Amino acid sequence: MSDKTQAIFTGDRCLSCTSCMANCPVMAAIKDYRGPKLVGPAHGRMHFSQEDIEATLEFCSNCKSCDRACPSGVAVSTLNMLQRAEYYKTHPHTQAEDMIAHGERAGKMVRMMPFGATFANIGMEFGKTLGIFSKLGLAGERDMPAYASTPFKDLYSRIKQTAGGKKIVMFTGCFINDNEPQVGEAFVKVMNANGYEVLIDKGFNCCGSPLVVTGYLDEAKQHADNNADRILEWKKKGIPVVTPCTSCSLMLKEEYHELFAEHKFHEAAENVYDAFEFLEILQERGEFNDNVKPISQKLLYHVPCHLKCQAIGLPAANILEEFGANVQTADAGCCGISGNYGFRKDKYDISMKIGAKLFERVKRKDFDKVISDCGTCRMQIHHGSGIKPCHPIEILAAAYQ
Amino acid sequence: MEKATVVVIGGGATGLGILRDLSMRGVKALLVEKNDLVNGASSRYHGLLHSGGRYAVKDQEAARECIIENQIMRKIGKSCVEPCGGMFTRLDIDDEAYEELWVKGCKDSGIEATPITLDEAFKLEPRLSRKHVKSAYLVPDAAVDGFRMAWQLVDSSKRYGGQVKTYTEVIGFDTVNGELRGVKVRDQFTGEEYEIGCDIAVNAAGGWAGFVGKLAGVEIGVQPDKGTLIAFNQRIVNHVVNRLHKSSDGDIFVPHGSITILGTSSMSVPNPEDTSTSRAEVESLLKIGEQTFEDLRDFRILRTFAGSRPLYIPPGGAVGRSASRGFAIVDHDNDGLKGFFTIVGGKFTTYRLMAEKMCNQICAKLGNDTPCRTAEEPLVEEVSQEDKDRAKKFFPSYGVNLAATRLGVDRFKKVVERLESDPESRELVCECENVTRAEAEEICKDDTSFIVNDVRRRTRIGMGTCQGNFCALRAAAVFSEMGVEPTAKDSLARLREFLQGRWKGIRPVLLGRTLRETEMTRAIYELSMNVKGGAPQ
């Protein structure tokens with residue numbers, strides 16, 4: 001029998017209870033979407049009857065609120081993504097879809113050119129003003145994520161670390177590498193402060209999350225195979241893989257085996273940690289370096305959906321609070337962007353409607369800083385409220401002096 | 001007084017087959033059924049259109065009949081037969097010598113049994129036990145939907161003037177000097193009693209044939225033999241999967257639309273109304289089933305159900321599994337009652353052949369020499385691709401083909417028109433089985449819809465994952481709005497009887513996820529809505 005955590009298998013557990021529909025932020029924003037239950041689990045039983053695709057499948061943002069709401073452990077959103085992959089077997093991808101799924105490829109191209117980042121950013125600026133992005137099918141209202149002048153992997157090589165001690169491998173994730181290298185630097189600083197040398201494995205690919213949601217399942221499988229094989233190599237050496245990117249950690253820890261049902265994905269998952277999850281484990285073991293100067297800030301914490309569904313609690317809030325921060329969770333639901341979903345022209349309005357409650361909360365400005373572990377959540381909050389959030393690891397890094 | 005040349009008693013496959021056959025030969029025929037159609041063994045069964053492989057060793061005549069009727073049904077019943085094919089698998093614990101006998105038996109009976117490698121078998125049926133399965137063959141088994149077939153037989157009969165009265169119970173016979181003059185009946189809802197005049201009456205009451213015979217003063221050797229089956233929430237198999245061994249309990253899995261049916265047991269019962277099932281029967285079926293599919297217990301069970309095979313027991317004959325699956329036609333002229341026939345025994349797969357033979361005798365009596373054409377003419381016309389394409393815009397996904405074969409050409413058109421003109425009718429009454437309000441409304445108006453369960457049998461409302469949890473209320477509401485009086489107005493009674501009907505099959509499988517589901521149903525109906533009878537009784 002195949003792996004019982006595989007999404008297809010979990011569909012049989014659905015009791016039809018409708019919790020997923022009651023908790024779906026997309027359904028709340030647009031009534032055209034028939035809802036997670038009907039698309040994934042219910043239709044899974046009906047595929048025998050004819051070749052067909054649920055017309056409203058496109059609305060699922062893969063935010064995974066349904067998975068979290070499900071009292072029966074159904075991998076609802078993954079069932080939807082498997083259906084989406086089926087759809088794209090017979091339907092061509094648009095140019096925009098190709099772009100938003102392949103951020104890693106674009107990043108590599110940019111880095112091959114001298115001053116590539118500068119030109120790319122100027123190009124994107126023009127693209128936005130001239131309405132080119134909009135014509136392509138992208139959300140013209142948005143800024144595309146700007147490329148950092150130096151990618152994290154280059155910055156990393158300049159960081160002096162003490163070798164010879166305990167080690168972790170950092171899974172950088174595309175967004176931190178290309179767009180927010182400062183998060184990567186903060187990550188290294190925090191890990192170093194806790195006695196860990198941070199290694200980088202240049203053989204890792206993009207985790208595959210943007211590929212899965214855009215229906216490039218075969219490519220995602222190649223990424224999954226490569227990444228899992230490398231994670232297992234590190235596991236053999238007793239070195240954990242840690243990532244400050246929430247969607248990457250979710251992909252590596254859960255979605256691989258839900259999608260592809262091979263035992264190795266379970267084994268690899270055991271060696272992967274979200275950044276603050278790892279730090280909290282150190283704290284529990286009494287190995288956490290608490291030589292931290294008090295954090296006296298008031299922080300508004302938007303907890304990413306993809307963190308919530310990892311069932312690890314709120315380790316970032318716990319740690320920051322321990323050192324004096326006043327952390328308030330925004331408690332305003334999904335931000336709406338859900339990876340590349342909000343970058344689609346036809347999903348922009350839905351994305352902004354979902355995020356409206358969060359934007360309102362942020363605009364109250366009763367805090368010093370907004371924090372969120374997820375890169376696209378940070379972009380969305382910035383776009384929707386004008387206030388730029390940071391990764392909680394940046395707050396902690398600043399406290400290690 | 002209402003009159004027909006022939007009154008057919010019993011709305012099972014046999015009775016309906018006879019009604020169609022007679023109507024097509026130009027005989028004015030009327031069918032009476034005390035309940036809804038196919039309330040007995042014609043729907044409380046596997047839904048298996050036998051290739052004959054099951055009988056290839058023990059009864060080659062039955063096997064030959066099966067393969068011929070199987071081919072006919074595939075041709076005339078495109079809207080009720082799913083040609084999924086079948087597989088026979090021998091397990092390590094099964095007798096190897098039987099396999100040889102079986103291969104020879106198939107060959108002698110004209111059943112194509114193609115041996116396949118184990119690799120091929122596991123590819124076709126990935127959930128088969130790698131540990132136990134030792135050999136596999138493909139046979140032309142198929143799945144057949146007893147509900148659809150029944151109403152398609154009605155549609156076909158109606159085209160030729162045939163009539164059907166459901167919930168009309170036979171309470172006696174009018175005879176003059178040993179000659180039948182009419183059948184006395186009672187309307188189950190109004191209690192009204194009346195007579196239908198006829199020249200001939202056919203007792204096709206299946207398990208109830210003995211009772212009907214008694215009303216006419218004749219004795220009929222019919223032994224109800226109860227078989228219990230389990231319905232699983234999903235398709236576990238792609239083919240009908242049979243154990244290649246001497247026929248026994250729990251050794252056939254049939255993919256039946258969105259679900260899988262495992263069965264059956266065999267137990268003599270005094271009363272054909274006994275459709276009770278027990279936890280012990282479920283356990284024993286699972287125990288056997290998991291020899292073929294090791295992970296069987298991981299799959300969600302929806303419910304159990306049972307029906308009684310009407311086994312014909314000639315004086316001194318064997319009962320149970322050893323009883324013949326053959327059928328008998330009795331002309332009660334020999335018992336001193338002219339114009340009364342009984343047809344009993346047989347099996348679903350060969351219902352058409354049984355009907356043909358019965359009608360040949362009736363027509364001989366009537367001096368009607370029109371040949372039987374039931375094997376040539378399709379039961380119903382198929383819905384055109386053009387109509388399906390038009391419907392696709394309004395139907396839920398994966399719903400068009402199922403609704404088209406359920407509804408037939410005319411009703412399908414009406415439903416599509418409703419969906420087109422009234423966007424609210426596109427709402428799903430039943431989310432698990434994809435039934436729109438438009439379809440439910442259309443069926444509620446039908447002349448055989450008296451209670452919500454009748455609508456369920458036509459549409460599959462309430463037969464999917466949630467077993468009525470969300471659809472019971474909606475279906476009862478639609479029925480009270482669109483259904484017939486006097487039954488429609490008592491909507492609460494209709495809701496209760498629908499819920500109780502669902503729970504009947506759930507009670508013996510109240511464990512695991514099924515228990516969770518049921519507790520939710522109880523919470524909704526008993527606790528939140530205070531529907532008395534909202535809990536399993």
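This is a short tour of a predicted model with two chains, A and B.

**Stop 1: chain A as a whole**

Start by selecting chain A and hiding the rest. Its secondary structure comes to 23 helices and 7 strands. The radius of gyration is 20 Å, close to the 21 Å that the globule rule gives for 401 residues, so chain A is as compact as a globular protein of that length. Turn the chain along its principal axes, and its C-alpha atoms fill a box of roughly 65 × 55 × 45 Å. Of the 401 residues here, 52% count as buried. Take the contacts in chain A between residues at least 6 apart in sequence: 76% of them join residues at least 24 apart.

**Stop 2: the two domains of chain A**

Now colour residues 7-90 of chain A, which are domain 1, and residues 292-399, which are domain 2. The centres of these two domains of chain A, taken over C-alpha atoms, are separated by 26 Å. Where they touch, 11 residues come from domain 1 of chain A and 12 residues from domain 2 of chain A. On the domain 1 side, look for helix 3 (25-29) and helix 5 (65-69) of chain A, the elements that give two or more residues to this contact. By class, that side of domain 1 has 5 nonpolar, 3 polar and 3 charged residues.

**Stop 3: one tyrosine in chain A**

Next, select helix 16 (residues 246-260) of chain A and pick out Y256(A) within it. Is Y256(A) buried or exposed? Y256(A) is buried, because 29 other C-beta atoms lie within 10 Å, and 20 or more are enough to count as buried. Show its surroundings next. Leaving aside neighbours within four places in sequence, the contacts of Y256(A) are A224(A), A228(A), M251(A) and F265(A). Then add Q6(A) to the view: Y256(A) and Q6(A) are 250 residues apart in sequence, yet 9.1 Å apart in space, C-alpha to C-alpha.

**Stop 4: where the chains meet**

Bring chain B back. The contact between the chains takes 22 residues from chain A and 25 residues from chain B. On the chain A side, the residues divide into 10 nonpolar, 6 polar and 6 charged.

**Stop 5: chain B as a whole**

Hide chain A now. Chain B has 15 helices and 24 strands. A compact globule of 537 residues would have a radius of gyration near 24 Å, and the 23 Å of chain B agrees with that. The C-alpha atoms of chain B fill a box of roughly 70 × 55 × 50 Å along the principal axes. Buried residues make up 57% of the chain.

Three colours will show the domain assignment of chain B: domain 1 (2-40 + 147-221 + 325-366), domain 2 (82-143 + 225-308) and domain 3 (385-528). Between the C-alpha centres of domain 1 and domain 2 of chain B, the distance is 33 Å.

**Stop 6: an open sheet in chain B**

Select strands 1, 13, 12 and 11 of chain B. In that order, these 4 strands form an open sheet with mixed pairing. Which strands are at its edges? Strand 1 (2-3) and strand 11 (168-176) of chain B are the edge strands, each pairing on one side only. Zoom in on strand 12 (residues 179-187) and strand 13 (residues 193-197) of chain B, which are antiparallel and share 5 bridges. Here V183(B) stands opposite I196(B) in strand 13.

Both of these residues return when you select V7(B). Beyond its neighbours within four places in sequence, V7(B) is in contact with L30(B), V32(B), V183(B), I196(B), C198(B) and A201(B).

**Stop 7: the cores**

V7(B) also leads to the largest nonpolar core, which has 260 residues; V7(B) is among those with the most contacts inside it, as are V6(B) and V8(B). Helix 8 (residues 351-366) of chain B gives the largest share of this core, 8 residues. Apart from it lies another core, of 14 residues, including V383(B), A391(B), V400(B) and V416(B).

**Stop 8: strand 8 of chain B**

Finish with strand 8 (residues 133-139) of chain B, which is mostly covered, with 5 of its 7 residues buried. Strand 6 (residues 86-91) of chain B runs antiparallel to strand 8 and is joined to it by 6 bridges. Strand 7 (residues 114-116) of chain B also pairs with strand 8 in the antiparallel sense, over 3 bridges. Put L138(B) at the centre of your view: L138(B) is the bridge partner of M87(B), and also that of T114(B).

Notes. Residues numbered from 1 in each chain as written. Chains lettered and ligands numbered in written order. Predicted model: local features only at pLDDT ≥ 70, side-chain atom pairs only at ≥ 80, totals over all residues. Pairing = 2+ DSSP bridges. Contact = placed C-beta atoms within 7 Å. Nonpolar A, V, L, I, M, F, W, Y, C, P; charged D, E, K, R; others polar. Core = buried A, V, L, I, M, F, W, Y, C linked by C-beta atoms within 7 Å. Buried ≥ 20, exposed ≤ 12 C-beta atoms within 10 Å, placed from the backbone. Rg over C-alpha atoms; globule rule 2.2 N^0.38 Å. Domains from an automatic or database assignment.
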